[in-house]
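Reader: I have a model open and would like some help reading it. Could we walk through a sheet and then an interface?

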Amino acid sequence: MRAHWNRINDWLDHRTGVHTAVRKFLYEDIPASSGWHQVFGSVALFLFLVQSFSGALLAFNYAPTPGDAYNSLRYILTELTGGRLMRGLHHWGASLMITVVVLHMIQVFLFGAYKKPREATWMVGVVLLLLTLAYGLTGYLLPWDNRAYWGTVVATNIASQAPLLGPYLSRLLGGQGSIGVVTFARFFGLHVLLLPPATAFLIAVHVYLVRKHGVAPAPGDELVPKKKFYPEQVFKDTMAIFAAFAILFVMAVAARVPLEQLADPTDTSYVPRPEWYFLFLFQLLKLFTGPLEVVGSVVLPGLAVLALILVPFIDRGQMVRVTRRTFAFSFVALAAIGWTGLTAAAVITTPKEASQVAVDYSAPTDWMELSSEELAGVGHFRQENCVSCHAVGDTGSKIGPDLTRTTIHRNAAWMIQHFKSPAGIRPGSAMPPIQLSDLQLNSLAAFLLKLNPQNATALSDAPDFAVQGALVYQAHGCNACHKVNGVGVDVGPPLNGLAQRRSRSWVEDHFADPSKLSPGSIMPPFKFSKRDLDNLMAYLFVLP
Amino acid sequence: MDSVETPPEPGAMPPPTRRTFYVAAIYGIWGLITAALGLPALIYLLVPPRMRRQNEWVEVGKMAQIPIGTPVEMTFRRMRVDGWKVVSEQNSAWVVKSPNNQITAFGPQCTHLGCAYHWDEAKNEFVCPCHNSLFSIEGKVLGGPAPRPLDQYETKVQGATLLLGRLQTPPEQSA
């Protein structure tokens, strides 16, 4: 068997040299001082590969146009097995990759490994850092939810402030004044067509340069015999990669990546926030106002990048032991303090989400399948605090029976009688009569009849605005003319998918006077309180 | 400058050297990572999507419009879930009403290669123009290359209205 294998190997090596190349790569000499501190580069490379992989898989089910992008991502999250995991890997992988690339730079910086003759290696590295950040910037838009849209509005506006280049940059990004299909296409093109080959090429150059100059030795390494890269250092790299991968995987499984409402360019109340690694820049901007703004947005970051690139030419001293590089340490410490301070300030000043319409589509969305009557029932169920006596699945009290089981055998008429007078139907019942109108009791019964152990999550997951919206919807008898999720009457159009046909302002105007916008409409005008209107709108606009 | 390593695992038959431990760990971990990425990827690609909204019943027409004993082609619109989209599609069915008011509705495509067939009044047969497959009024294959009888829609009559459900392949060889 083994001999057979060797023969194949020899044959292949003779034709391609692959075996020899791998050997040469693995049995490279490295300085005796090499060790755990040099694992970050390999981890960054690994994370790049994971990003490519998860990105390609996402692209298999993703439609890169605004609107469709959002729907297809929602499809990935809610309909496909493993879809949430893939998006989690890609999302958290980006954050992790930036972290690791920065750690890698800090290590190289502290050890002075950029010194002659390794200047070019360092400079290519800085460009790779910028490319990594560019992925973050362009990828941010691709979900096309409110977060993506408004975050990108801010980013393109910053780009357009650049002295001289500004107008050209913003034209290049397609974002002249507004963000639409053109910007989207360019961001997508950059993210998946241009950046990956550029990154792969520069990584190859970077690795080639590392190999050409050898791993940077520490002072005193000349006196000790060299080591081989394989297997000891490969083992260390592998362990580090495994640690990073474990962190990534756990985050992808456990930490939910939000998908907000479909991007709404008219929603001026939205407070955009960039991704965490750009927060410090965002905060820096606030320190400069008026004509000085460009200093914070372009000049300072530009100078910082320039300084970073020129580091090897600024510090040209002899190689010294890490422990004696106090200046480098203080510099890194200062930068870290500055970064943390700015980021913390940005986090603290983030206003609490006006969480009214923040639907987390990455959470179970069973509640969206409920009819408006059933969803209104959820509202009554919460108001009346039925869980103080009843279990629903595994949660709630045990005084009354578990409602996911018992109600399956009941009908609405029985239940409504029972609600009105529990003791009348079940002598001696400890359940108090429920004080609701017949209409409301109908909703409650409808919901309970639908309730089963599988969809019990709807009870806790349905966001408050949707439940409130459904209550308004029921209270005004919209179901006498409209269908939601197939329940109701077909006098008017079914309201599912309203978000794709109508804008919010159109629907608001339509409520005020339906026949003005739809001549001959038999829908009566409606007037709502501000709160009711907000909830109803938000509810109608999330209907799938 | 040897740092402290995890000691080789005890208990294995020949006391493994540090080198074999390294090599084993490298292979093991890379195997694990490959599996942890590859399996979910296969599941993600191969498991069919959870279809949330099933195709519903659609109204296609009034019972009274359908003649007894002669197939008629009826068209209707229905929503179809296509990935992340719901599209409204034009569909058609060949509907046959038997003398005792039993309804059969055939899918509009020949079971051979999917051509649209039609009813030949003179021959009293469904004829497919592509390769001359022939079907009886019950949908059975009478000739030509068609491998199985015509597909049928689920049917339901509500009041005076005919509704069609999903298109189904009838059980093999119902002859």
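Author: Gladly! Let's start with a single pair of residues: B:Phe126 stands opposite B:Phe135 in S7(B). Keep in mind that this is a predicted model.

Reader: Which strands of chain B are joined there, and how many bridges join them?

Author: In general, strands of a sheet pair through backbone hydrogen bonds, either parallel or antiparallel. Here strand S6 of chain B (residues 125-127) and strand S7 of chain B (residues 134-135) run antiparallel and are joined by two bridges.

Reader: In what order do the strands of the open sheet in chain B come?

Author: The order is S5-S6-S7-S8, four strands of chain B with antiparallel pairing. Strand S5 (118-120) and strand S8 (141-143) of chain B are at the edges with a single partner strand each, so each has one side without a neighbour in the sheet.

Reader: Thanks! On to the interface: how much area is buried between chain B and chain A?

Author: The size of an interface is often given as the accessible area lost when the parts come together. Between chain B and chain A that comes to about 3500 Å², with 65% from carbon and sulfur atoms. On the side of chain B that touches chain A, helix H1 (residues 18-46) of chain B gives the most, with 18 residues.

Reader: And how do the residues on that side of chain B divide?

Author: They divide into 22 nonpolar, two polar and seven charged. In total, chain B brings 31 residues to the contact and chain A brings 46 residues.

Reader: How many salt bridges and polar pairs cross the interface of chain B and chain A?

Author: The rule finds zero salt bridges there, while four residue pairs are in polar contact across that interface, both residues at pLDDT 80 or more.

Notes:
Residues numbered from 1 in each chain as written. Chains lettered and ligands numbered in written order. Predicted model: local features only at pLDDT ≥ 70, side-chain atom pairs only at ≥ 80, totals over all residues. Heavy atoms only, no water. Contact = heavy atoms within 4.5 Å. Buried area = accessible area lost by both parts, 1.4 Å probe. Salt bridge = Lys/Arg side-chain N within 4 Å of Asp/Glu carboxyl O. Polar contact = N/O pair within 3.5 Å; in protein donor to acceptor, adjacent residues only side chain to side chain. Nonpolar A, V, L, I, M, F, W, Y, C, P; charged D, E, K, R; others polar. Pairing = 2+ DSSP bridges.
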